[in-house]
Amino acid sequence: MTLASPVALALWNGELMPLADVKVPVLDRGWLFGDAVYEVIRLYGGRPFLVDEHARRLAGSLQGLGIVHPTSTQLLAAQIERLVKAGGDADGLIYVQISRGAGPRSHLPAAGLTPNELVYVAPLDEPLNEAFRAGTLTLGWDGERKTVLIEARAQTEDDDEPEAFEAIE
């Protein structure tokens, strides 16, 4: 799968631009220390899957780390819609990455940093995409941010959603 737009687009702190033009500050704490939160949202037919749930989980993760959410969950959903519409993407993965921001290099973050937010759409990895299409596997969460591998049961070609999932332990 390729992206619809010949140039991959991104929202960097709310500004729409080519992904290649995004400049992350070298002293950004996400870059230096991994002091950031990310969320990945599946894009199906131009529609983000469970965007409100993802936005709420993102907000909870940011709150847990004491990072000020730069946008509301409603604004994030609107930004994602704007990005998808501008790029013309139908299927892919929407990445939302929010760092604590840039500041002096120290293990303890300085007070009052301004978070940096990156949102962009990426194509699906083709082998993984084939497995999703075939209904042979789905990756999901157990509600506590631990990765779980789940296998799809029988799925007919008419179904948009797998009928049921079974956890593999």
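A salt bridge here is a side-chain nitrogen of Lys or Arg within 4 Å of a carboxyl oxygen of Asp or Glu. The exercises below use a predicted model.

**Exercise 1. Salt bridges**

Task: How many salt bridges does the model have, and which residues do they join into one network?

Solution.

Step 1. Apply the cut-off to R29 and D35. Their side chains come to 2.8 Å, N to O, and the pair is a salt bridge because the limit is 4 Å. Both residues are buried.

Step 2. Look for another partner of D35. R100 forms a salt bridge with D35, with the closest N and O atoms 2.5 Å apart. R100 sits in the loop between β5 (92-99) and β6 (116-122), and D35 in the loop between α1 (29-33) and β3 (36-44), so this pair ties together parts that are 65 residues apart in sequence. R100, like D35, is buried.

Step 3. Turn to E39 and R57, whose side chains meet in a salt bridge at 2.4 Å, N to O. This pair also links distant parts of the chain: E39 belongs to strand β3 and R57 to helix α2 (residues 51-65), 18 residues apart. E39 has 3% relative accessibility and counts as buried, whereas R57, at 26%, counts as partly exposed.

Step 4. Collect the results. The count is 3 salt bridges. Shared partners join R29, D35 and R100 into one network.

**Exercise 2. The sheet**

Task: What is the order of the strands in the sheet, and which strands stand at its edges?

Solution.

Step 1. Write down the order. The open sheet has 6 strands, arranged β2-β1-β6-β5-β3-β4, and the pairing is antiparallel.

Step 2. Read off the ends. β2 (15-18) and β4 (47-48) are the edge strands; each has a single partner strand, so one side of each is left without a neighbour in the sheet.

Step 3. Check individual pairs. β3 and β4 pair in the antiparallel sense over 2 bridges, and Y44 has R47 in β4 as its bridge partner. β1 and β6 pair over 3 bridges, again antiparallel, with L11 opposite V119 of β6. β5 and β6 are antiparallel over 7 bridges, and I98 has E117 in β6 as its bridge partner.

Step 4. Consider the surroundings of β6. Of its 7 residues, 6 are buried, so β6 is largely enclosed by the rest of the structure.

**Exercise 3. Helices and cores**

Task: Which helix supplies the largest share of the largest nonpolar core?

Solution.

Step 1. Place α3. Helix α3 (residues 73-87) packs on the sheet and touches β1 (9-12), β2, β3, β4, β5 and β6; its direction makes about 40° with that of β6.

Step 2. List the core. It has 20 residues, of which L58, L76, I80, I94, V96 and V119 touch the most other members. β1, β3, α2, α3, β5 and β6 each supply at least two residues.

Step 3. Compare the shares. The largest, 5 residues, comes from α3.

Step 4. Follow one member. Leaving out residues up to four places away in sequence, the contacts of I94 include E39, V40, I80, V84 and V119.

Step 5. Keep the other core separate. It lies apart, with 5 residues, among them W12, M17, V22 and L118.

**Exercise 4. Positive phi angles**

Task: Where are N13 and L50 placed, and are they buried or partly exposed?

Solution.

Step 1. N13 is not a glycine but has a positive phi of about 50°. N13 lies in the loop between β1 and β2 and is partly exposed, with a relative accessible area of 38%.

Step 2. L50, also a residue other than glycine, has a positive phi near 55°. L50 lies in the loop between β4 and α2 and counts as partly exposed at 41% relative accessibility.

**Exercise 5. Confidence**

Task: Over which residues does the pLDDT stay under 50?

Solution.

Step 1. Start with the whole chain. The mean pLDDT is 80, and 72% of the residues reach 70 or more.

Step 2. Locate the weak stretches. pLDDT stays under 50 over residues 145-159, which have 41 contacts beyond four places in sequence in the model. It is also below 50 over residues 161-169, a stretch with 19 contacts beyond near neighbours in sequence.

Step 3. Draw the consequence. Where pLDDT is low, the predicted coordinates should not be read in detail.

Terms used
Residues are numbered from 1 along each chain as its sequence is written. Side-chain values use heavy atoms; hydrogens and water are left out. Buried means under 20% relative accessible area, exposed over 50%, partly exposed in between (1.4 Å probe, protein chains only). Helices (H or I, at least four residues) and strands (E, at least two) are DSSP runs, numbered from the N terminus. Two strands pair if DSSP finds at least two bridges between them. Contact means heavy atoms within 4.5 Å. Axes are lines fitted to C-alpha atoms, for helices over the stretch in contact, and angles run from 0 to 180 degrees between N-to-C directions. pLDDT is the predictor's confidence in each residue, from 0 to 100. A nonpolar core is a set of buried Ala, Val, Leu, Ile, Met, Phe, Trp, Tyr and Cys residues joined through side-chain atoms within 4.5 Å.
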